[in-house]
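Me: I am new to reading structures. Could you take me through this one, feature by feature?

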Amino acid sequence: MRRTLDAVLAGRLEVDVRDQLPLTDAAEAHRRIESGPRHRQARPGCLAAGKRECDAREGSEGIRKLTYYLGSSLDGFIATPDGSIDAFPVTEDVIEFMAADYPETLPTHLREQLGVTAPGRRFDTVVMDRNTYAPALQAGIVSPFAHLDQYVVSTTLPASPDPRVQVVAGDPVELVGRLKHRPGAGIWLAGGARLAGALLGEIDELVIKRYPVVLGAGIPFSMTGQVRSVPFELVDDRILPGGTTVARYTRTT
Ligand SMILES: NC(=O)c1ccc[n+]([C@@H]2O[C@H](COP(=O)([O-])OP(=O)(O)OC[C@H]3O[C@@H](n4cnc5c(N)ncnc54)[C@H](OP(=O)(O)O)[C@@H]3O)[C@@H](O)[C@H]2O)c1
C-alpha cells in the first residue's frame, strides 16, 4: 500500500505497519530495530586512512556528526515546486526500513502507532527549516519529533509554543557548530534547499533515499547559488524491494 509522506508528517495517517506486513517481516523489523544495521559494508578509503581518522569522521572523538538524511526523486528533487513530498512512493518496505534503521526519523505520533520504542542509534537532535516544520504545525502538532531536540531555522516564526522545539533566527552554520561541540548523538538535518545549501560545509554524512520516480521539476537537493565541490565516499548501499535505493556517504575531507 502506498503512503504519502506529507500525510505521515502532518499526522493525518493512521498506520500499523505490522498489520500490513507478513508476520515474519514484522518480527524482522523489530529484530532490526533492536539489533542495529545489517548492511554496513567495508569502507576501503576509511580503512586506508586509519582508525583515528575513521573515528573522527564517525563522530566518536567528541564532535557530533551532521547527517543530511533525505528522500529524493531520481532526478534529484526533494519535493515538488510547491514543497509537497506526496509524489514519493512510500511503500511498506520503505516504512519498514525507516522503522528498523532510522526509527528516530519517524514522527512521534507514528512511532507510537508502529510500536517503535527504540530511542534511535544515530540522532538525538533534528535541525529543520520552517517549511519542513510547517505541515506539522498546521496540523496542530507543535512538537513532531518530541523524542528529539528540535531546532527550526526561521527568521519569521514567533517563539516556539513547545519547550522541545527551539526557533533559531540566527545563522544555521553557527547553530550547527555549537551543537556539534555539545555531548550527544548525531544531528539530523531535515532541511530544504536553502537550509541544506547553507549547511553544505557542515554536512559530514549523506543518506539519500532515492525513490523510483521522476518529478521533472521541484525543490533541488541543495541550493547554494554557487558551484561547490564537496567529496563524499559511498559506505553503504542497498536496494529495497519496491525499488527505492538507500545510499550512505561520508565526507572524505
Ligand atoms: N525529501 C526530503 O527528504 C525533504 C527533507 C526536508 C524538506 N523537504 C521538503 O522541502 C520543503 C522545504 O524546502 P524549501 O526549499 O522550501 O526550504 P528552505 O528554503 O531551505 O527553507 C524554508 C524556510 O526556512 C528558513 N530558512 C532556511 N534556510 C535558512 C537560513 N539559512 N537562514 C535563515 N532561515 C532559513 C526560512 O524561513 P523564514 O522565511 O521564516 O526565515 C525559509 O523561508 C518542505 O516543504 C519539505 O516538504 C523534503
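Me: Which residues come nearest to the ligand?

Reply: Bear in mind that this is a predicted model. Of the 24 residues around the ligand, the nearest are Gly83, Asp129, Thr155, Gly192 and Arg194. Two or more residues of this shell come from each of the elements β1 (66-72), β2 (77-79), α8 and α10 (193-198). With four residues, α10 gives the largest share.

Me: What classes of residue make up the shell around the ligand?

Reply: Twelve are nonpolar, nine are polar and three are charged.

Me: Now the strands. Which strands are joined to β4 by bridges, and how do they run?

Reply: Strand β3 (residues 123-129) is joined to β4 by five bridges, and the two run parallel. One position to look at is Val127, which stands opposite Tyr151 in β4. Strand β5 (residues 165-168) also runs parallel to β4, with four bridges between them. There, Val153 has Val168 of β5 as its bridge partner.

Me: What do β3, helix α8 and β4 make together?

Reply: They make a β-α-β unit, and it is right-handed. The helix in it, α8, covers residues 130-138.

Me: Is β4 mostly covered or mostly open?

Reply: Mostly covered: of the five residues in β4 (residues 149-153), four are buried.

Me: How do I judge a single residue? Take Ala99: is it buried or exposed?

Reply: Count the other C-beta atoms within 10 Å; 20 or more make a residue buried. Ala99 is buried because 24 other C-beta atoms lie within 10 Å. Ala99 belongs to helix α6 (residues 92-101). Between its C-alpha atom and that of Leu110, eleven residues away along the chain, the separation is 9.7 Å.

Me: How many residues of α6 are buried?

Reply: Eight of the ten, so the cut-off of 20 other C-beta atoms is reached by each of those eight. The buried residues include Val94, Phe97, Met98 and Asp101.

Me: Last, where does pLDDT stay under 50?

Reply: Start with the general idea: where pLDDT is low, the predicted coordinates should not be read in detail. Here pLDDT stays under 50 over residues 10-60. The model has 67 contacts beyond four places in sequence for that stretch. For the chain, the mean pLDDT is 82, and 76% of the residues reach 70 or more.

Definitions and conventions. Residues are numbered from 1 along each chain as its sequence is written. This is a predicted model: local features need pLDDT of at least 70, side-chain atom pairs count only at pLDDT 80 or more; totals for chains, interfaces and linings use all residues. A residue is buried if 20 or more other C-beta atoms lie within 10 Å of its own, exposed if 12 or fewer, and partly exposed in between; C-beta atoms are placed from the backbone. Two strands pair if DSSP finds at least two bridges between them. A crossover is right-handed if, with the strands pointing away from the viewer, the path from the first strand over the helix to the second runs clockwise. pLDDT is the predictor's confidence in each residue, from 0 to 100. Two residues are in contact if their C-beta atoms, placed from the backbone, lie within 7 Å. A residue is near a molecule or strand if its C-beta atom, placed from the backbone, lies within 6 Å of it. Ala, Val, Leu, Ile, Met, Phe, Trp, Tyr, Cys and Pro count as nonpolar, Asp, Glu, Lys and Arg as charged, and the others, Gly among them, as polar.
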